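Thank you for making time this morning. I would like to walk through one structure with you, starting from a single residue and working outwards to the sheet and the cores.

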Amino acid sequence: MLVHQIEGKLYERKGKAITNFKEKLPSPSSDLAIQSLKNPYSFDFLSMRENYDEKDLEDVLVSQITQFLLELGTGFSYVGHQIHLEAGEQDFYLDLLFYHIKLHCYVIVELKTKKFEPEFAGKLNFYVTAVNKQLTGEEDNPAIGLLICKDKDNVVAEYSLEEIAQPIGIAEYE
């Protein structure tokens, strides 16, 4: 495992996701949350066909959940995928839901198979709010969101998070 982490350059990737955690989470939770995310995530354990979509990526990650949890890092526990939430009269489905044992919070993971677009942050902000209102208990800290996309422009990602109310991180995958 150590050799795999060294070859995968874990040290260079850890804590490199673009986030608004410093502004939205209290210290020391913000530092722990930042160190819990990577950029990019390495999905080299997956075998994908040429033109895959988000559903294909999600299905393969769920089928390889042990490897995905190892890539996410220490503290993540899998809750489920396509978690149903109702808001008003509408139905919504979270791609992946985890609980972070050390942070004591839910982590909503949204997967995008294309380049980051600002509206992705708005949708994830909504999901984090919904999870906080519907799932988070009194003993839990507020949920955080993680958007994992194929590619991103760092400036666009930073601008997109500037006025977002919820703690969100944006990372790429390889």
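Let me begin with serine 30, which, once its neighbours within four places in sequence are set aside, is in contact with Phe21, Lys22 and Leu25; contact here means heavy atoms within 4.5 Å. Before going further, I should say that this is a predicted model, in which local features need pLDDT of at least 70 and side-chain atom pairs count only at pLDDT 80 or more, while totals for chains, interfaces and linings use all residues. Residues are numbered from 1 along each chain as its sequence is written, and side-chain values use heavy atoms, with hydrogens and water left out.

Serine 30 sits in helix α4, which covers residues 29-36; helices (H or I, at least four residues) and strands (E, at least two) are DSSP runs, numbered from the N terminus. With a relative accessibility of 3%, serine 30 counts as buried, where buried means under 20% relative accessible area, exposed means over 50%, and partly exposed lies in between, using a 1.4 Å probe and protein chains only.

In the same helix, the buried residues are Ser30, Ala33, Ile34 and Ser36. Looking down the axis of α4, these buried residues fall within an arc of 160 degrees, so they line one face of the helix; the arc is that of the directions from the helix axis to the C-beta atoms. As general background, an α-helix has 3.6 residues a turn, so residues three or four places apart point the same way. And what covers that buried side of α4? The cover includes β1 (18-19), α3 (21-24), α6, β2 (76-87), β3 and β5. Just ahead of this helix, in the loop between α3 and α4, we find proline 28, which is joined to serine 27 by a cis peptide bond with omega of about 5 degrees.

Let me turn to the sheet. It is an open sheet of six strands in the order β1-β6-β5-β4-β3-β2, with mixed pairing; two strands pair if DSSP finds at least two bridges between them. β1 and β2 stand at the edges with a single partner strand each, so one side of each has no neighbour in the sheet.

From the β2 edge inwards, β2 and β3 pair in the antiparallel sense over 10 bridges, and isoleucine 83 has leucine 94, in β3, as its bridge partner. Strand β2 also holds glutamine 82, whose phi is near 50 degrees, a positive value in a residue other than glycine. Histidine 84 is in β2 as well; it is partly exposed, with a relative accessible area of 36%, and touches Asp91, Phe92 and Tyr93, not counting residues up to four places away in sequence.

Next, β3 and β4 run antiparallel and are joined by five bridges, with phenylalanine 98 standing opposite valine 107 in β4. The two strands form a hairpin with four residues between them, and histidine 104 in the turn has a positive phi of about 55 degrees. Histidine 104 is partly exposed, at a relative accessible area of 41%.

On the other side, β4 and β5 pair in the parallel sense over seven bridges, and isoleucine 108 has glycine 145, in β5, as its bridge partner. The chain passes from β4 through helix α7 (residues 118-134) to β5 in a right-handed β-α-β crossover, meaning that, with the strands pointing away from the viewer, the path from the first strand over the helix to the second runs clockwise.

How much of β4 is buried? Eight of its 11 residues are, so β4 is largely enclosed by the rest of the structure.

That brings me to the interior. The largest nonpolar core has 28 residues, and those with the most contacts inside it are Tyr41, Phe43 and Phe98; such a core is a set of buried Ala, Val, Leu, Ile, Met, Phe, Trp, Tyr and Cys residues joined through side-chain atoms within 4.5 Å. The elements giving two or more residues to this core are α4, α5 (54-63), α6 (65-72), β3 (90-100), β4 (105-115) and β5 (144-151), and the largest share, four residues, comes from β4. Apart from this core lies another, of 25 residues, among them Leu97, Phe116, Leu124 and Ile170.
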